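Subject: Handover of a structure and findings

Dear colleague,

Please find below the structure that I am handing over to you. My findings follow directly after it.

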Amino acid sequence: MTLYYSLVFALLVFEMALFVSLIIPMPFTMKRKLFTFISSSPLVAKVQYGMKITFIFILILFIDSVNRVYRVQVELGQAKNQGGAAAAAAGSERMEVQARKFYSQRNMYLCGFTLFLSLILNRTYTMILDVLRLEEEVKRLHGDKPAGDKSQQKLSDAGNIGEIGRLKEELKKRDRDIDVLKKQSNGLSEEYKRMGDNFHVSDGTPKKDR
């Protein structure tokens, strides 16, 4: 097994261990603290970004392994169509093709299961976050003591980690600044009209009808 396929296998084992850790039953408080840390940690956000890039390379390896399996199947089909002395001479070559078929299929299944498990992990993580939010809401409706506004806010914003969350916060801040500027502009406009009316009244000039 080459180095990059060994790394893919190591990643598959890591995903399996992570999936088991996600589905292990834990107390609600401990699970809430764990997922709050995962959702708010900048280090975890960087790791997730790196994993997305890694899965792109694994997808390329998966496509390449599928192509290799197809080519090996074509070679085996050609070898079966040969007969007589040509078939006897091609015996050792056919064994080599069978070995390449085995390795190609192994690599295809390895990359495919790694990609498939990554999708399952993402979906499982999202579902657990939804369950935690619903449990918080149920406890709040039943009148139980809340976990704290800060912790609950972090859990509510669990999907907004990393660069996307930072950009959303900047957009909200800019919207607030725009609202403040609009209010100030309206206030200045009203003050300008009031001062203009006072000037016309003190000067004795009748106000023009608008």
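I begin with one span of the chain: residues 107-125 are 100% helix and 0% strand, and the C-alpha atoms at the two ends of this span lie 27 Å apart. Please bear in mind throughout that this is a predicted model.

The span is one of three that UniProt, in an unreviewed entry, lists under "transmembrane region"; the other entries are residues 6-28 and 49-70. For residues 49-70, the end C-alpha atoms are separated by 32 Å, and the span is likewise 100% helix and 0% strand.

Overall architecture

The protein has 7 helices and 0 strands, so the order of elements from the N terminus reads α-α-α-α-α-α-α, each element being a helix. Of its 210 residues, 22% count as buried. The accessible surface comes to about 15800 Å², and carbon and sulfur atoms account for 64% of that area. Among contacts between residues at least 6 apart in sequence, 82% join residues that are at least 24 apart.

Nonpolar cores

The largest nonpolar core has 11 residues: Tyr5, Val8, Leu11, Leu12, Phe55, Ile58, Leu61, Leu110, Cys111, Leu115 and Leu117. Helix H1 (3-23), helix H3 and helix H5 each supply at least two residues of this core. Apart from it lies another core, of 10 residues, including Phe35, Ile38, Val44 and Leu121.

Leu117, a member of the largest core, touches Leu12, Glu15 and Met16 when residues up to four places away in sequence are not counted.

Pairs distant in sequence

Which residues does Thr124 contact, leaving aside its neighbours within four places in sequence? They are Phe19 and Leu22. Thr124 lies in helix H5 (residues 91-141). With a relative accessible area of 15%, Thr124 falls under the 20% limit and therefore counts as buried. Thr124 and Phe19 are 105 residues apart along the chain, while their C-alpha atoms are separated by 8.3 Å.

A second pair of this kind involves Phe14, which is found in helix H1. Phe14 and Thr114 are 100 residues apart in sequence, and the distance between their C-alpha atoms is 9.9 Å. Phe14 has a relative accessibility of 47%; this value lies between the limits of 20% and 50%, so Phe14 counts as partly exposed.

Salt bridges

The structure holds 2 salt bridges. In one of them, the side chains of Arg68 and Asp64 meet at 2.9 Å, N to O. Arg68 and Asp64 are separated by about one helical turn, because they are 4 residues apart in helix H3. Arg68 has a relative accessible area of 41% and is partly exposed. Asp64, at 29% relative accessibility, also counts as partly exposed.

The side chains of Arg133 and Asp130 form a salt bridge as well, at 3.0 Å, N to O. Both residues lie in helix H5, where Arg133 and Asp130 are 3 residues apart, about one turn of the helix. Arg133 is partly exposed, with a relative accessible area of 27%, and Asp130 is partly exposed too, with 34%.

A nonpolar patch on the surface

Where helix H3 is concerned, one further feature should be noted. Tyr49, Ile53, Ile56, Phe57 and Ile60 make a nonpolar surface patch of about 560 Å². Of these residues, Ile60 lies in helix H3 (residues 42-81). Helix H3 also holds the salt bridge partners Arg68 and Asp64, and helix H3 supplies at least two residues of the largest nonpolar core.

In summary, the predicted model has 7 helices and 0 strands, with a largest nonpolar core of 11 residues and a further core of 10 residues apart from it. To these are added 2 salt bridges and a nonpolar surface patch of about 560 Å².

Yours sincerely

Terms used
Residues numbered from 1 in each chain as written. Predicted model: local features only at pLDDT ≥ 70, side-chain atom pairs only at ≥ 80, totals over all residues. Heavy atoms only, no water. Buried < 20%, exposed > 50% of the residue type's maximum accessible area, 1.4 Å probe, protein only. Contact = heavy atoms within 4.5 Å. Areas by Shrake-Rupley, 256 points an atom, 1.4 Å probe, with all protein chains shown as cover. Patch = residues over 30% accessible without salt bridge, like charges linked within 9 Å, V, L, I, M, F, W, Y side chains within 5 Å. Salt bridge = Lys/Arg side-chain N within 4 Å of Asp/Glu carboxyl O. UniProt positions renumbered as here; feature names shortened; annotations may be inferred. Core = buried A, V, L, I, M, F, W, Y, C linked by side-chain atoms within 4.5 Å.
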